[in-house]
Amino acid sequence: MIIGVADTTFARANMGAFAVDELKKHTSARIIRVTVPGVKDLPVAAKKLIEEERCDIVMALGMPGGKDQDKICAHEASQGIMMAQLMTNKHIIEVFVHEDEAKNDAELAWLLEQRTREHAVNVVLMLTRPQDMTKLAGTGQRQGFADAGPARR
Ligand SMILES: Cc1nc2c(=O)[nH]c(=O)nc-2n(C[C@H](O)[C@H](O)[C@H](O)CO)c1C
């Protein structure tokens, strides 16, 4: 099994390093990492990891900024990532932390790391223990901030 990790230089924390560190805690799968400038470069980076490096699943890590043009970029990048998934029939787990989700730099740094690490665990479950992922169905999981939990009657 091979896991791809694609991250960006635009992000304000080393998301790729967090992902690789967390993946290694949970799996002995081979990990291939690439870094691109920004989120719009992630779709082809992920597609190349799948098609040229034979990755079974890819984490696409990015941080859209807070400006309007950044949000447009993020939407375009998401569409590209979805297209790459459909073209390759492989999951590309999009891990985006919007800069304006956090109230200050300290919270942003924490969120960039926490969301990346929690999605790395999801990736390992999806790849190696999908039945354990199913056990979490409908439990209101969130990555980074607190889980929402199941809705109550
Ligand atoms: C406006 C803009 N905003 C972001 C962003 O919020 N987050 C990000 O990761 N990258 C951004 N970029 C850069 C593009 O994603 C891309 O790297 C360049 O257009 C080069 O292809 C751009 C150009």
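Is Ala102 buried or exposed? Ala102 is buried, its relative accessible area being 14%, where buried denotes under 20%, exposed over 50% and partly exposed the range in between (1.4 Å probe, protein chains only).

The views below show a predicted model, in which local features need pLDDT of at least 70 and side-chain atom pairs count only at pLDDT 80 or more, while totals for chains, interfaces and linings use all residues. Residues are numbered from 1 along each chain as its sequence is written, and side-chain values use heavy atoms, with hydrogens and water left out. The chain has an average pLDDT of 98, and 100% of the residues score at least 70; pLDDT is the predictor's confidence in each residue, from 0 to 100. For the complex, the predictor gives an ipTM of 0.99 and a pTM of 0.97.

**View 1. Ala102 in the loop between β4 and α4.** This loop follows strand β4 (92-96); helices (H or I, at least four residues) and strands (E, at least two) are DSSP runs, numbered from the N terminus. A C-alpha separation of 33 Å divides Ala102 from Thr88, 14 residues away along the chain.

**View 2. Helix α4 and its start.** Helix α4 comprises 24 residues (residues 105-128). Its end C-alpha atoms lie 35 Å apart, in agreement with an expected span of 34 Å, which is 1.5 Å times one less than the number of residues. At the start of α4, the backbone nitrogen of Ala106 has a side-chain oxygen of Asn104 within 3.2 Å.

**View 3. The residues around the ligand.** The shell includes Phe10, Pro37, Lys40, Met63, Gln69 and Cys73, a residue being near if one of its heavy atoms lies within 4 Å of the molecule. By class, six residues of this shell are nonpolar, three polar and three charged; Ala, Val, Leu, Ile, Met, Phe, Trp, Tyr, Cys and Pro count as nonpolar, Asp, Glu, Lys and Arg as charged, and the others, Gly among them, as polar.

**View 4. Atoms of Gly38, Val39 and Asp70 beside the ligand.** A backbone N or O atom of Gly38 is 3.0 Å from a ligand oxygen atom, and one of Val39 is 2.8 Å from an oxygen atom of the ligand. A polar side-chain atom of Asp70 lies 2.6 Å from a ligand nitrogen atom. Of the 480 Å² of accessible area that the ligand has on its own, the protein covers 70% (Shrake-Rupley method, 1.4 Å probe).

**View 5. Asp41 in the loop between β2 and α2.** Asp41 is partly exposed at 30% relative accessibility. Its side chain reaches the backbone nitrogen of Gly38 at 2.9 Å.

Definitions and conventions. A polar contact is a pair of N or O atoms within 3.5 Å; within protein, one must be able to donate a hydrogen and the other to accept it, and residues adjacent in sequence count only if both atoms are side-chain atoms.
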